[in-house]
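Work through the exercises below with the sequence and the structure at hand. Try each task before reading its solution.

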Amino acid sequence: MSLYTARTTVTAIAVAFLIVLAGCSTGVGPDTTPAPTTDDDLSQTTTGTTDANGTLEVHFINVGQSVSTLVVGPTGETMLIDSGHYRDDGEYVLQYLQRHNIDRIDYLITSHNDADHIGGNAAIIEYFETEADGIGAVYDPGIAASTQTYAEYLDAIEEHDVTLYETREGDSIPLDGVDVAVLGPPEPYLENEARNENSIVLKLTHGETSFLLTGDAEDDQEAYLVDTYGSQLQATVLKAGHHGSSSSSSESFLDTVQPQAIIVSSAYDSQYGHPTEEVLERFADRSLPTFWTATHGDIVLVSDGQGVSVRTQQDAPTDPQALRDGAPVEPGTSGDLVERLRLGGEPVTDPTATTVTDGGTTSGELSVATIHADADGDDRENLNDEYIVFENTGDESIDLSGWTVTDDAGHTYTFPAFTLDPSATVTLRTGSGTDTATDLYWGASSPIWNNAGDTVIVTNSTGEQVLSETYP
């Protein structure tokens, strides 16, 4: 027997109870009433707020014929949605999390309990509960699977006493600084509790940008979403449902969501033909730039609340009908990320900025004055003593609004509206605080700069690299 728990609508301590896995088709939960779906309620749960502080990162990890998505909020809270295929036992996901210094998962989301989505759940729970700073809570749609992978996942939850919430439409996930609306699965479940059609569907809203993540939702759940939410499904970026299967990303769904870009997570040589030519044709008919983990590698979307920077490991075609012309990137491959596209927002153009290829600065003469990578004491307990000092050594002010600072591991900070006057300095501190004219705060929950050596990379608002400083 294994542990299951109560709905997220329960605000007190979650009530746990046991279910027998053998012969079970659904997790058992309290008899709750679904959240009302009036127009006012739907607007509140799907539109979020136009105010945004800091940056939101959405990482689509290259895990082959599977999916795993890491979300890092403006204050450093983390959400991991799915964990890859059972064949690799979460290996690629764990490597990626460790490479990016993720030491805690605040919210572990299981979109649905197919083995290619929960393959690493047990290993990830074991690692974070025994070697890192733990798992905050697990969110699951509540439909069981009769697989060993599923049994091991629930056994890990029970062994480490991790809170497990059965999650349905109308619930919420409190990621700090981001509106996270749960749009599915509905109650009652669709299509006789088919797992794909009852995936947890999330809409993440940060300022004027949003991301729609639909798990393996197919035509029935997509139709339900369109009928229930209509135009409130509109999102800046859509992760294609079911790895780019033709049973998902329907014409009506795409026309309702109106995404500006598509992300597909599947293997280069997918035995299922994902993404299918049929669905790629739908994307092409709408001129949607499409990024594929198989050819672009890891894909990271960075939102400053006004627009979204799309960054990938490898430059590859984004025309849907030329997607397969890109060279494959093996899962687990590491590499620097480069901005390929910016969606929305109003990039600030600095007329003095020029592209620099020798590791120097722009003609605006931005330079790194100090790199203080080793904070006093335990770096993790003193994040604001880890910092970079930038100086304007030129004669004219530099508008840094929308510029980014990145390290070798791909962690990214985006400057808010900020102007650096001649001879002035600004200190970018890793931790959290209130921005001032002299100090800015990354909002990270763990150290960024490697004490043994790293590279400070600055890119302007048009995507041009203007500064690269390596230490020691």
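**Exercise 1. A pair of strands and their sheet**

Task: Find how many bridges join β18 to β19, and state whether the two strands run parallel or antiparallel.

Solution. The model is a predicted one.
Step 1. Locate strand β19 at residues 387-392; six bridges join β18 to this strand, and the two run antiparallel.
Step 2. Take one bridge as an example: Leu366 has Asn392 in β19 as its bridge partner.
Step 3. Place the pair in its sheet. The sheet is open, has four strands in the order β18-β19-β24-β25, and its pairing is mixed.
Step 4. Look at the ends of that order. β18 (366-372) and β25 (439-441) are the edge strands with a single partner each, so each has one side without a neighbour in the sheet.
Step 5. Follow the strands across the sheet: from one to the next, the twist averages 25°.

**Exercise 2. Another pair**

Task: Find which residue in β10 is the bridge partner of Val180.

Solution.
Step 1. Identify the strands: β9 (residues 179-184) and β10 (residues 201-206) pair in the antiparallel sense, over five bridges.
Step 2. Read off the partner of Val180, which is Leu204 in β10.
Step 3. Check the surroundings of β9. Five of its six residues are buried, so the strand counts as mostly covered, where buried means under 20% relative accessible area.

**Exercise 3. The largest nonpolar core**

Task: Name the element that gives the largest share of the largest nonpolar core.

Solution.
Step 1. Start with the core itself. The largest nonpolar core holds 32 residues, and Phe128, Ile135 and Tyr153 have the most contacts inside it.
Step 2. List elements that give two or more residues to this core: among them are α2 (91-99), α4 (121-130), β7 (135-140) and α5 (148-159).
Step 3. Pick out the largest share: α4 supplies six residues.
Step 4. Examine α4, where seven of 10 residues are buried. These are Asn121, Ala122, Ala123, Ile124, Ile125, Tyr127 and Phe128.
Step 5. Find what covers them: the cover includes β5 (78-81), α2, β6, α3 (115-118), β7 and α5.
Step 6. Turn to Ile135. Leaving aside residues up to four places away in sequence, Ile135 touches Arg104, Ile105, Leu108, Ile124, Ile125, Phe128, Glu129 and Val162.
Step 7. Keep this core apart from a second, separate one of 30 residues, which includes Met79, Tyr139, Leu202 and Leu343.

**Exercise 4. A helix and what follows**

Task: State which residues of helix α8 are buried.

Solution.
Step 1. Locate α8 at residues 277-285; its buried residues are Val279, Leu280, Arg282, Phe283 and Ala284.
Step 2. Name the cover of these residues, which includes α7 (251-257), β13 (261-264) and β14 (290-292).
Step 3. Move just past the helix, where Ser287 has a positive phi of about 55°.

**Exercise 5. A pocket**

Task: Determine how many residues line the second largest pocket.

Solution.
Step 1. Note the space in the second largest pocket, about 390 Å³.
Step 2. Count the lining: 24 residues, with Leu337, Val338, Glu339, Thr406 and Thr459 nearest the centre of the pocket.
Step 3. Assign the lining to elements. Those that give two or more residues include β17 (338-344), β21 (404-406) and β26 (454-459).

Notes: Residues numbered from 1 in each chain as written. Predicted model: local features only at pLDDT ≥ 70, side-chain atom pairs only at ≥ 80, totals over all residues. Heavy atoms only, no water. Core = buried A, V, L, I, M, F, W, Y, C linked by side-chain atoms within 4.5 Å. Buried < 20%, exposed > 50% of the residue type's maximum accessible area, 1.4 Å probe, protein only. Contact = heavy atoms within 4.5 Å. Pairing = 2+ DSSP bridges. Axes fitted to C-alpha atoms, helices over the stretch in contact; angles between N-to-C directions. 1 Å grid on protein atoms, 1.4 Å probe; cavity = no way out; pocket = protein on both sides within 12 Å on 5 of 7 lines; lining within 4 Å. Points joined across faces, edges and corners; volume = space filled by probe spheres on them.
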